[in-house]
Amino acid sequence: LLCSVHGAMAALVVSVVAAAVVGTAVSCDFEYVSAFRGKDVQESFDPELTSGFWYEQSYHDVAQAHSRCQTLNVGLDPLTQTLVSDFNVLYKTKPFTILEKYVPRDTRGVYRKSVKAPMGVPGGSLVGLPTAVVHAEESADGTRYESLIFYSCYNIGFGHLEAVEIFTRNKTVDEATVESLMDTVTSKGIPIPKADLRRVDWTTCPDEQVAAPLLV
């Protein structure tokens, strides 16, 4: 069953990649993604404050086609400052987990993102996606971030693929907050129209226990 789910996901991603490629003369690299970071990220981003459980609220990402109920459980390797996360989704009705690694670069808030899918699904660990934290909102007491926005891209053919992921600590978030986070994507100059950001409908998701912090 898992193999059939993985195969379907791989086929679906391949079928939509061509339509999602952004034709541009600008190459996707670490310098390119770093330009989209907010001033707060550039000056004071603290990866330790990302640790814990997150709910995705909106995204633009061909790899998430037909996925729903997306969550992220983040841990931090204190020695390397690498972020390691379990990205969990329901693909149609089947659970699917991808291990993600964000290896820090020399620039604050900029990472090399790679993924490892279960059952040996190919395409992850050998591909490093330039990724930047675009936005990180601190809690009132400064002990954690309450919302995060990631931007990633990958060179392919005559252009590149782009991905935006918007996460919050709470599953239920008021409409104004989500709209503001989506507006942040365009205000930072990311070339993805707001209309292309998909929403996660948490009303259709099963109740679940919040996972314990991911230890790395």
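This briefing walks through two groups of paired strands and the disulfides of the structure above. The model is predicted, so please read every value below as computed from that prediction. Two strands, β9 and β4, serve as the anchors for the tour, and the cysteine links follow. Strand β9 covers residues 159-168, and strand β4 covers residues 83-91. The disulfide count comes to 2.

**Strand β9 and its partners**

- All of β9 is out of reach of solvent by the burial cut-off: 10 of its 10 residues are buried, so the strand is largely enclosed by the rest of the structure.
- On one pairing, β9 runs antiparallel to strand β2 (residues 52-60), and 5 bridges join them.
- If you want a residue pair to locate this contact, take Ser-58, whose bridge partner in β9 is Ile-166.
- β9 also pairs with strand β8 (residues 145-156), again antiparallel, through 10 bridges.
- Here a handy marker is Tyr-151, which stands opposite Val-164 of β9.
- β8 and β9 make a hairpin with 2 residues between the strands.
- For anyone checking backbone torsions, Gly-157 in that turn has a positive phi of about 60°.

**Strand β4 and its partners**

- In β4, 7 of the 9 residues are buried, so this strand too is largely enclosed by the rest of the structure.
- Strand β3 (residues 67-76) pairs with β4 in the antiparallel sense, with 8 bridges between them.
- Within that pairing, Leu-76 has Leu-83 of β4 as its bridge partner.
- The hairpin of β3 and β4 has 6 residues between the strands, and Gln-81 in the turn shows a positive phi of about 65°.
- On to strand β5 (residues 94-104): β4 pairs with β5 in the antiparallel sense over 9 bridges.
- Val-84 finds its bridge partner in β5 at Lys-101.
- β4 and β5 form a hairpin as well, with 2 residues between the strands, and Lys-92 takes a positive phi near 60° there.

**The disulfide of Cys-28 and Cys-153**

- Cys-28 is joined to Cys-153 by a disulfide with an S to S distance of 1.9 Å.
- This pair links distant parts of the chain, 125 residues apart: Cys-28 sits in the loop between β1 (22-23) and α2 (30-34), while Cys-153 belongs to strand β8.
- The torsion about the S-S bond is 85°, and the link of Cys-28 and Cys-153 is right-handed.
- Where do the two ends stand, buried or exposed? Cys-28 has a relative accessible area of 6% and Cys-153 has 1%; the cut-off for buried is under 20%, so Cys-28 is buried and so is Cys-153.

**The disulfide of Cys-69 and Cys-205**

- Cys-69 and Cys-205 form a disulfide in which the sulfur atoms lie 2.0 Å apart.
- Distant parts of the chain are linked here too, 136 residues apart, with Cys-69 in strand β3 and Cys-205 in the segment after β10 (198-199).
- The link of Cys-69 and Cys-205 is left-handed, with -100° about the S-S bond.
- Cys-69 is buried at a relative accessible area of 9%, and Cys-205 is buried at 10%.

**How the cysteines pair up**

- With the bonded cysteines of the chain numbered in sequence order, the pairing reads 1-3, 2-4.

Conventions: Residues are numbered from 1 along each chain as its sequence is written. This is a predicted model: local features need pLDDT of at least 70, side-chain atom pairs count only at pLDDT 80 or more; totals for chains, interfaces and linings use all residues. Side-chain values use heavy atoms; hydrogens and water are left out. Buried means under 20% relative accessible area, exposed over 50%, partly exposed in between (1.4 Å probe, protein chains only). Helices (H or I, at least four residues) and strands (E, at least two) are DSSP runs, numbered from the N terminus. Two strands pair if DSSP finds at least two bridges between them. A disulfide is a pair of cysteine sulfur atoms within 2.5 Å.
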